[in-house]
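Please look over the model below with its ligand in place. The questions that follow take up contacts, domains, cysteines and backbone geometry in turn.

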Amino acid sequence: MVDALRRLEYRGYDSAGIATLEDGAITRRRAEGKLRNLESKLDREPLEGLIGIGHTRWATHGKPTEGNAHPHATSRVAVVHNGIIENFRELREELIAEGARFQSETDTEVVAHLVTRELDRGKTPIKAVHASLRRLRGAFSLGFLFSGEDNLLIGARLGSPLAVGYGEGEMFLGSDAIALAPFTNTIAYLDDGDSVALTRSSATIYDAAFKRVHRTIQKSQASATIVDKGNHRHFMAKEIHEQPEVVSHTLTSFIDVVGETIRLPEDLPFDWKDLNRLTISACGTASYASMIAKYWFERYARLPVEVDIASEFRYREAPLDKGGLSIFVSQSGETADTLAALRYCKEQGQHTLAVVNVPTSTIAREAEVMVRTLAGPEIGVASTKAFTCQLAALAGLAIGAGKARGTLSAAEERELVHALIEAPRLMAEALRLEHEIETFSRDLAKASDVLYLGRGTSYPLSLEGALKLKEISYIHAEGYAAGELKHGPIALIDETMPVVVIAPFDAIFEKTVSNMQEVAARGGRIILITDAKGAEAAAMATLKTIVLPEMPAVVTPIVYSVPIQLLAYHTAVIIGTDVDQPRNLAKSVTVE
Ligand code: F6R
């Protein structure tokens, strides 16, 4: 099992633990720090047993101590958990009022107590898990072990992935096929909302309505390639669907979920209070994440920001203050232009901070400060999960900077952090609109040009939407600030031109509606991505709407990315292009 956990260490490694059944009773070994600490503990105090669960943790709720390490357990059930239980506070209070005794600061422990309460009420383990799942809010996956049940493991997923592995007279559960690769390559991926009861010889799967269902069993290539496509046709689809989980990982690497505060990297070589401005350089999708971050840094930290495309910045001989801060955003950490911009800024005496996904990359190594996005390997050439993880990290930095500069109060910080914590769940909800979005893609697939419009942070998102569509479907697309429409691009509008409008119902929504009306008056076909209030306010006969949940402004770019990506993905699939490796592109652009 330790071998399997090692394969999951990329998800977190601040503590680890295992629980098995010894003579029917739950027995645990847990250790703070890297997996090798657990391993030496197991050497000293081995665990017996033929059934068990294990976990490697990235602290979200509560410090990375042994007491907070998973599995969490009562005398009746042990649980491992990935993700966040959003409503843990109210559940914890309810359970404590009924006499439950908590031993950790984690959100996970409420699950152990909830299930125990249902077992005490006489329910079977699967019924107890189903009753408990009804009470949980958030994006997570769970694994359960029950005392006295040496032929039963239960798993459940809502937002975070979970895979069932089929062996010879043995069965496995893992949050990634990579973890199961040492044991089996025969895998069934659970759908969102599914739960599963495993015995040594069977897997009974239930859907979100707790009805029995079958999920396709397939051969995974995890052992050979470390990453596979899971249940998806393309890596891009898998990566779009992974977002609630990887964004949650990225967020919780710098958020104290209990205190609802931002934990910025310690020992920064600069003081946020001393900065007069910020320079951000990046390419492509990463530059659009940076443009969104500009709105955040200016609003929350009152820090003027200049965002540059790295290929322009590096040759523009920009004057920079000594001791100022430059930020570089890159998935690969190897993009030649971004690296050159970083080196230029260092020569100019700037402090440098890199937001990167590959921690061993050149940009990560050469920058003074590294902030990691925890998107995991991104294989699809079109960036999806790396983009939303960049947004999550940059939002955290902007809020942290605001707090440090005194431009955000503690209450404002809490409110913003609270909103960020909800992003993974909201993304999971957006993913549920996939079928509907796919039908809209049929329309886009027939077009030769598509316009994307948005205001505020939805403007850079419209640039990203257009880039996603053109790079994988080869349809020409442009993103525009909605207010710019009448300054030129409106000349393009006719009845053959789909226009994608990104407009959550906010203070500038009415302005965007006016722009939409201008499009509609010229026969343009509009797809509006908004929320229920926006859909109601904009009601026009010709409109197609994608309706997302209402949410605070700070998370809209993160959540609205999902329909934007799905629209591009399904359009490309309908057209039949090579979605994961579109022509002429490379994943890592190490040449100028
Ligand atoms: C588009 C895309 C590219 C990259 C750009 C920068 O989907 O992936 O535009 O964002 O090449 O790459 P990184 O982030 O590796 O520096």
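A polar contact is a pair of N or O atoms within 3.5 Å; within protein, one atom must be able to donate a hydrogen and the other to accept it, and residues adjacent in sequence count only if both are side-chain atoms. The model is predicted, with local features needing pLDDT of at least 70 and side-chain atom pairs pLDDT 80 or more, while totals for chains, interfaces and linings use all residues. Residues are numbered from 1 along each chain as its sequence is written, and side-chain values use heavy atoms, without hydrogens and water.

Q: At what distance from an oxygen atom of the ligand is a polar backbone atom of threonine 285 placed?
A: The protein partner here is a backbone atom of threonine 285, and its counterpart is an oxygen atom of the ligand. The distance between these two polar atoms is 3.1 Å.

Q: How far from an oxygen atom of the ligand does a polar side-chain atom of glutamate 471 lie?
A: Serine 330 offers a side-chain N or O atom that is 2.6 Å from an oxygen atom of the ligand. For glutamate 471, a polar atom of the side chain is also paired with a ligand oxygen, and here the distance is 2.5 Å.

Q: What percentage of the accessible area that the ligand has on its own does the protein cover?
A: On its own the ligand has 410 Å² of accessible area, a value from the Shrake-Rupley method with a 1.4 Å probe. Of this area, the protein covers 88%.

Q: Which elements give two or more residues to the shell around the ligand?
A: The shell takes in 14 residues, among which Ser330, Gln331, Ser332, Thr335 and Glu471 come nearest; a residue is near if one of its heavy atoms lies within 4 Å of the ligand. Helices (H or I, at least four residues) and strands (E, at least two) are DSSP runs, numbered from the N terminus. The elements that contribute two or more residues to this shell are helix H10 (284-301) and helix H18 (458-473).

Q: Between which domains does the ligand lie, and why?
A: The protein is divided into domain 1 (2-219), domain 2 (229-431) and domain 3 (433-575), with bounds from an automatic or database domain assignment. The centres of domain 1 and domain 3, taken over C-alpha atoms, are separated by 40 Å. Because two of the domains both give residues to the shell around the ligand, the ligand lies between domain 2 and domain 3.

Q: How many disulfides does a search of the whole structure find?
A: A disulfide would need a pair of cysteine sulfur atoms within 2.5 Å. The sulfur of cysteine 283 has its closest cysteine sulfur in cysteine 345, but the 13 Å between them is too far for a bond. Cysteine 283 is partly exposed at 24% relative accessible area, that is, between buried (under 20%) and exposed (over 50%), with a 1.4 Å probe and protein chains only, whereas cysteine 345 is buried at 0%. The number of disulfides found in the whole structure is 0.

Q: Which residue has the backbone oxygen that the side chain of asparagine 68 reaches?
A: Asparagine 68 sits in the loop between strand E3 (52-57) and strand E4 (72-73), and its relative accessibility of 3% counts as buried. At 2.9 Å, its side chain reaches the backbone oxygen of lysine 63.

Q: What is the omega of the peptide bond from histidine 70 to proline 71?
A: Proline 71 belongs to the loop between E3 and E4. The peptide bond that leads into it from histidine 70 is cis, with omega near -5 degrees.

Q: What positive phi does aspartate 267 have?
A: Aspartate 23, in the loop between strand E1 (15-22) and strand E2 (25-32), has a positive phi near 50 degrees without being a glycine, and it counts as exposed at 85%. Aspartate 267, in the loop between strand E16 (261-262) and strand E17 (278-282), is likewise exposed, at 76% relative accessibility. Although aspartate 267 is not a glycine, its phi is about 55 degrees.

Q: How far apart in space are glutamine 581 and glycine 380, C-alpha to C-alpha?
A: Glutamine 581 is in the segment after helix H21 (556-575) and counts as exposed, with 58% relative accessibility. Although glutamine 581 and glycine 380 are 201 residues apart in sequence, the distance between their C-alpha atoms is 6.8 Å.
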